[in-house]
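This report describes selected side-chain and strand features of one protein model. The sequence and structure are shown first, and the description follows.

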Amino acid sequence: MLSDEHVIQQTKKWILDVVIGCNFCPFASKVVKQHTVQYKVERAATKEQGLQSFIKQCLLMDENDTIETAFIIMPDAFQQFDNYLHLVSLCESLLVKEGYEGIYQVASFHPQYLFAGAPLNDAANYTNRSVYPMLHILREKSMERALEKYPDAADIPNRNINFAREKGKLYMKMLRDSCI
């Protein structure tokens with residue numbers, strides 16, 4: 001089993017090399033440079049434990065506004081993409097139930113990420129294929145401010161898809177896998 005620090009280092013490398021390096025998220029570089037990203041390795045293997053970790057991270061962000069965004073990294077759980085998607089859905093429902101709708105949002109990254117309707121071998125899936133299953137918690141107000149300042153923000157997903165497809169599945173897979 002890899003240490004938590006090793007898992008975090010691999011995740012940071014993926015964020016730098018893939019997310020920032022491919023400019024999939026034009027806002028990521030700023031929060032990384034400002035050291036306002038929280039990384040939490042969660043070894044829990046059940047949905048209940050995953051949800052508990054998720055809400056604890058929201059509470060921590062409530063108490064600490066220097067945490068701009070957080071990654072809950074789950075190297076030992078939710079390896080099956082469908083089970084992971086179920087967890088993401090439960091987290092989204094939990095945000096509503098706990099009064100966090102409009103405050104936080106969850107983004108999803110998984111080693112087997114597959115966009116709805118996309119073929120399994122589509123290189124575009126690698127825009128969300130991470131080194132481990134993880135939940136990414138973002139502050140909605142910060143995202144709204146960033147999107148207001150970014151030209152053609154609505155085109156980011158299409159730009160990412162086109163970039164990944166131009167590079168091809170082999171390149172995108174090698175890039176992601178080099179972070180492990």
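## A buried asparagine

The side chain of asparagine 125 reaches the backbone oxygen of proline 119, at 3.0 Å. The model is a predicted one. Asparagine 125 belongs to the loop that runs between β3 (104-109) and β4 (134-139).

Is asparagine 125 buried or exposed? The relative accessible area of asparagine 125 is 0%, and because this value is under 20%, the residue counts as buried. Leaving aside neighbours within four places in sequence, asparagine 125 has contacts with Tyr113, Leu114, Phe115, Ala118, Pro119 and Leu120. Proline 119 is therefore both one of these contact residues and the residue whose backbone oxygen the asparagine side chain reaches, within the 3.5 Å limit for a polar contact.

## Strand β4 and its partners

The loop that holds asparagine 125 is followed by β4, a strand that is mostly covered, with 6 of its 6 residues buried. Cover is found on both faces. Met134, His136 and Leu138 are buried on one side, and Leu135, Ile137 and Arg139 are buried on the other.

Which strands pair with β4? β2 runs antiparallel to β4 and is joined to it by 5 bridges, while β3 pairs with β4, also in the antiparallel sense, over 6 bridges. Methionine 134 of β4 takes part in both pairings: isoleucine 73 stands opposite this residue, and methionine 134 is also the bridge partner of phenylalanine 109.

## Aromatic pairs

How many aromatic pairs does the structure hold? There are 8 of them. One pair is formed by tyrosine 39 and phenylalanine 71, which are stacked with 6.0 Å from centre to centre and 10° between the planes. Tyrosine 39 is part of strand β1 (residues 37-41) and phenylalanine 71 is part of strand β2 (residues 69-73), so this pair ties together parts that lie 32 residues apart in sequence. Both tyrosine 39 and phenylalanine 71 are buried.

One aromatic cluster is made up of Phe81, Tyr84, Tyr113 and Phe115. Two members of this cluster, Tyr113 and Phe115, are also among the residues in contact with asparagine 125.

## Charges over rings

Two basic side chains are placed over tyrosine rings. Arginine 129 lies over the face of tyrosine 126, at 4.7 Å from the ring centre. Lysine 167 lies over the face of tyrosine 171, and here the distance to the ring centre is 5.1 Å.

Key:
Residues are numbered from 1 along each chain as its sequence is written. This is a predicted model: local features need pLDDT of at least 70, side-chain atom pairs count only at pLDDT 80 or more; totals for chains, interfaces and linings use all residues. Side-chain values use heavy atoms; hydrogens and water are left out. Rings of Phe, Tyr and Trp (its six-membered ring) pair if their centres lie within 6.5 Å; planes under 30 degrees apart count as stacked, over 60 as edge-to-face and the rest as tilted. Helices (H or I, at least four residues) and strands (E, at least two) are DSSP runs, numbered from the N terminus. Buried means under 20% relative accessible area, exposed over 50%, partly exposed in between (1.4 Å probe, protein chains only). A charge sits over a ring if NZ of Lys or CZ of Arg is within 6 Å of the ring centre and within 35 degrees of the ring normal. A polar contact is a pair of N or O atoms within 3.5 Å; within protein, one must be able to donate a hydrogen and the other to accept it, and residues adjacent in sequence count only if both atoms are side-chain atoms. Contact means heavy atoms within 4.5 Å. Two strands pair if DSSP finds at least two bridges between them.
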